[in-house]
Amino acid sequence: MHNENILISGAGIAGPALAHWLRRYGFRPTIVERAPALREGGQAVDFRGTAHLTVLRRMGILDEVRRRQTERTKMVAIDAAGRPRATLPAEFAGGEVEILRGDLAALLHDLTRDDTEYVFGDWITSLTETADGVRVTFDKAPPRTFDLVVGADGLHSGVRALAFGPEERFRRFLGYYIAGFGVPERLQTPGEVRMYSEPGRMISPGLAVFASAELNYDRHDTAQQKKLVADACHGMGWRAPEILEAMWAAPDFYFDPIAQIHIDRFTTGRVALLGDAGYGATLGGLGAGQALVTAYVLAGELAAAGGDHRAAFARYEHQIKDYARGCQKISGNAGPFMAPATPAKIRQRNLMYRLLSLPAMAKPMNKITTKAANAIRLADYSRFLR
Ligand SMILES: Cc1cc2nc3c(=O)[nH]c(=O)nc-3n(C[C@H](O)[C@H](O)[C@H](O)COP(=O)(O)OP(=O)(O)OC[C@H]3O[C@@H](n4cnc5c(N)ncnc54)[C@H](O)[C@@H]3O)c2cc1C
């Protein structure tokens, strides 16, 4: 087997899923994660369709995901008095099985921690490709040489910036920002996400979305980001003040532009991109399921090629390109849907929710999403398992 030593940047969803498969095929993955510990935040993520469920089953975690699943949530648009104006049924947002992103991240970490080297609180500062490897320098650890490097480090991928070019070249900003954070139970309604919208902004227990021009901020300064959210949602009605207070206290906080990554190729030389780093689709783009499916394909192709990265990377690109684009297409832009720009547009959105609750409308719409999630033929790589 060639190229056994593989460095993965990012311990989100895609990175640990890739490490799991690489170990099972006899590779030796190392994961470097910028955060000092596993980032367990995030809203619920859902899985739907055969491809997602097959990969979960082949990973041996479908039952555990089911055991930890959340009650699938319906989305309820409310008015300032908290009265429901329209409801989007649970199947729509919740897929076939729904789990908190943090629970999924923890599950994948548990699955891999015993046989994968994890390095937290560090990141790659340079990549230099040689004939038989990649010389990697880190912010803290001494330099090391790996056979291959995979960027599974999300929307703001450091590997992508080093190997492909600056983020601005590949990021399509869609005019909105999203923040996610934990809130106490007293603010939650079991089985429901209550969304309160005012023109260009939306707040919900644990989630805020607002329209904005591109903002200049420090991605590692959480207090600054919380202030951006607090300012954007300042003066909103309903329970916004309580929710914002909870946001300030929340230890888990996630803030990002609603944006997609568009890049022509996902590999260059000995470096590959995986998950959001390569083809991030943003909210509604089935990001977690896509991360698991594409990790399965990348590891499987490396195993099938006996570690020959040229052959494996070409097959990986070929297999996932249309799939990744399809997920980006259906995600569209969730911003205007969650935080419509005018009162009239809020009313239109609520009307759309009501229409989508009708089985005659919900079924075909659901079919479109599931079709995108399923638009890949998964090869069987089980003969390469060790
Ligand atoms: C804390 C958190 C909360 C999220 N919440 C939501 C949500 O509520 N809704 C939603 O739709 N999506 C959310 N996402 C994004 C979602 O997880 C992804 O769209 C999807 O699961 C694909 O996963 P990924 O592994 O490609 O990327 P991510 O899950 O984003 O994982 C990327 C990982 O790489 C790490 N990283 C970043 N830069 C570097 C670097 N330079 N070096 C090393 N490591 C680095 C990050 O800390 C992170 O752990 C969240 C992501 C995170 C990290």
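This passage describes the surroundings of the ligand and the packing of two helices in a predicted model.

It is convenient to begin with the ligand. A shell of 25 residues surrounds the ligand, and those that come nearest are Ala14, Glu33, Gln43, Arg101 and Asp276. Sorted by class, the shell is made up of 10 polar, 9 nonpolar and 6 charged residues. Two elements of secondary structure, strand β2 (28-33) and helix α10 (287-304), each contribute at least two residues to this shell.

Polar contacts come next. Glu33, one of the residues that come nearest to the ligand, places a polar side-chain atom 2.6 Å from a ligand oxygen atom. Nitrogen atoms of the ligand also take part: one is 3.1 Å from a backbone N or O atom of Arg34, and one is 3.3 Å from a side-chain N or O atom of Ser9. The ligand on its own would expose 910 Å², of which the protein buries 89%.

Turning to the helices, α13 (residues 343-357) and α14 (residues 359-374) have axes that come within 5 Å of each other and cross at roughly 90 degrees. Because of this crossing angle, α13 counts as roughly perpendicular to α14. On the α13 side the contact involves Leu355, Leu356 and Ser357, which meet Pro359, Met361, Ala362 and Met365 of α14. The make-up of this contact is 6 nonpolar residues and 1 polar residue, with no charged residues. The shell around the ligand, by comparison, does include charged residues, 6 of them.

Conventions
Residues are numbered from 1 along each chain as its sequence is written. This is a predicted model: local features need pLDDT of at least 70, side-chain atom pairs count only at pLDDT 80 or more; totals for chains, interfaces and linings use all residues. Side-chain values use heavy atoms; hydrogens and water are left out. A residue is near a molecule or strand if one of its heavy atoms lies within 4 Å of it. A polar contact is a pair of N or O atoms within 3.5 Å; within protein, one must be able to donate a hydrogen and the other to accept it, and residues adjacent in sequence count only if both atoms are side-chain atoms. Accessible areas come from the Shrake-Rupley method with a 1.4 Å probe; for residues, only the protein chains shown count as cover. Helices (H or I, at least four residues) and strands (E, at least two) are DSSP runs, numbered from the N terminus. Ala, Val, Leu, Ile, Met, Phe, Trp, Tyr, Cys and Pro count as nonpolar, Asp, Glu, Lys and Arg as charged, and the others, Gly among them, as polar. Axes are lines fitted to C-alpha atoms, for helices over the stretch in contact, and angles run from 0 to 180 degrees between N-to-C directions. Angles under 35 degrees count as roughly parallel, over 145 as roughly antiparallel, 65 to 115 as roughly perpendicular and the rest as oblique. Contact means heavy atoms within 4.5 Å.
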